[in-house]
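Here is a quick tour for someone meeting this structure for the first time. Have a look at it, and then we'll walk through a pair of helices, a ligand and a few loops.

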Amino acid sequence: MESETSSPEETEALAGRLAATLRAGDVVTVSGELGSGKTTFVRGACRALGVSGAVTSPTYTIGHRYHGDGVDVAHLDLYRFQGVSAAEWGDLEPYFDETIAFVEWPEAGEGVLPAPRAVVRLRHADEGRRLISIHGADTRL
Ligand SMILES: Nc1ncnc2c1ncn2[C@@H]1O[C@H](COP(=O)(O)OP(=O)(O)OP(=O)(O)O)[C@@H](O)[C@H]1O
Ligand SMILES: [Mg+2]
């Protein structure tokens with residue numbers, strides 16, 4: 001399924017509809033070029049799952065783990081990774097334990113991360129617009 005959004009708010013709302021279909025143990029990869037809206041998407045999903053604090057890019061840490069409404073939500077960013085070693089996986093694994101986990105720049109974790117429940121890809125369209133494809137989830141989002 002591919003959608004076009006015209007604002008960050010619309011991207012957050014789309015992510016919220018995806019989030020409503022997820023449960024603990026699900027992994028969502030969120031790919032797309034710099035500034036395409038990956039963190040905005042994850043923020044919308046976090047809000048829909050009941051996370052109330054700031055949701056910011058974990059670029060300078062491996063990840064964040066938030067308490068949502070009855071479920072924990074993890075937000076990882078593998079931008080600085082080139083592959084994931086066994087030792088690094090040891091640091092990452094707890095983020096996937098009993099969470100709904102969103103992973104920005106997941107390419108480095110291919111073959112190491114748990115299989116995703118949904119695959120999200122964002123692209124720039126015109127200014128302020130983004131094309132967002134979501135595969136693997138409910139197609140009626
Ligand atoms: N339709 C849209 N959807 C999402 N973001 C949008 C949209 N239109 C404009 N923006 C803006 O684009 C920027 C997206 O930034 P964001 O941090 O979410 O991107 P990112 O893909 O996570 O970047 P990075 O690769 O640096 O992690 C924000 O400033 C946001 O306001
Ligand atoms: Mg980001």
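Let's start where two helices meet: the crossing of H1 and H2 is right-handed (that is, the near helix is turned clockwise from the far one by less than a right angle; anticlockwise would be left-handed). The names H and S stand for helices (DSSP runs of H or I, at least four residues) and strands (runs of E, at least two), numbered from the N terminus. Before going on, a word on the ground rules: this is a predicted model, where local features need pLDDT of at least 70, side-chain atom pairs count only at pLDDT 80 or more, and totals for chains, interfaces and linings use all residues. Residues are numbered from 1 along each chain as its sequence is written, while chains are lettered from A and ligands numbered from 1 in the order in which they are written.

Back to the helices. H1 covers residues 8-19 and H2 covers residues 38-48; they pack at an angle of about 50 degrees, with axes 7 Å apart. Here axes are lines fitted to C-alpha atoms, for helices over the stretch in contact, and angles run from 0 to 180 degrees between N-to-C directions. H1 and H2 are therefore oblique to each other; under 35 degrees would count as roughly parallel, over 145 as roughly antiparallel and 65 to 115 as roughly perpendicular, with the rest oblique.

Who does the touching? On the H1 side the contact is made by Pro8, Thr11, Glu12, Ala13, Ala15, Gly16, Leu18 and Ala19, and on the H2 side by Thr40, Phe41, Val42, Arg43, Gly44, Ala45, Arg47 and Ala48. Contact means that the C-beta atoms of two residues, placed from the backbone, lie within 7 Å. Sorted by class, this contact of H1 with H2 has nine nonpolar, four polar and three charged residues. For the classes, Ala, Val, Leu, Ile, Met, Phe, Trp, Tyr, Cys and Pro count as nonpolar, Asp, Glu, Lys and Arg as charged, and the others, Gly among them, as polar.

H2 is worth a second look. Ten of its eleven residues are buried, so H2 is largely enclosed by the rest of the structure. A residue is buried if 20 or more other C-beta atoms, placed from the backbone, lie within 10 Å of its own, exposed if 12 or fewer, and partly exposed in between. Among the buried residues of H2 are Lys38, Phe41 and Cys46. What do they pack against? The buried residues of H2 pack against H1, S2 (27-32), S3 (63-67), S4, S5 (99-104) and S6 (118-124). Just after H2, Gly50 takes a positive phi of about 95 degrees.

Now for ligand 1. It has 19 residues around it, and the closest are Thr11, Gly37, Lys38, Thr39 and Thr40; a residue is near a molecule if its C-beta atom, placed from the backbone, lies within 6 Å of it. H1 and H2 are the elements that give two or more residues to this shell. The shell divides into two nonpolar, twelve polar and five charged residues.

Gly37 and Lys38 also turn up beside Gly32, which sits in S2. With 20 C-beta neighbours inside 10 Å, Gly32 counts as buried. Leaving aside neighbours within four places in sequence, Gly32 is in contact with Gly37, Lys38, Arg121, Leu122 and Arg123.

Next, the loops. Most residues other than glycine have a negative phi. Glu98, in the loop between H3 and S5, has a positive phi of about 60 degrees although it is not a glycine. Trp105, in the loop between S5 and S6, also has a positive phi, near 50 degrees. Glu98 is exposed, with 11 other C-beta atoms within 10 Å, while Trp105 is partly exposed, with 19.

A few residue pairs show how the chain is laid out in space, C-alpha to C-alpha:

| Pair | Apart in sequence | Apart in space |
|---|---|---|
| Phe81 and Gly109 | 28 residues | 8.2 Å |
| Tyr60 and Leu92 | 32 residues | 14 Å |
| Gly32 and Gly83 | 51 residues | 18 Å |
| Glu127 and Ser7 | 120 residues | 9.5 Å |

Some of these sit in loops too. Phe81 lies between S4 (72-77) and H3 (86-92) and is partly exposed, with 18 other C-beta atoms within 10 Å. Glu127, in the loop between S6 and S7 (130-135), counts as exposed with 5 C-beta neighbours inside 10 Å.
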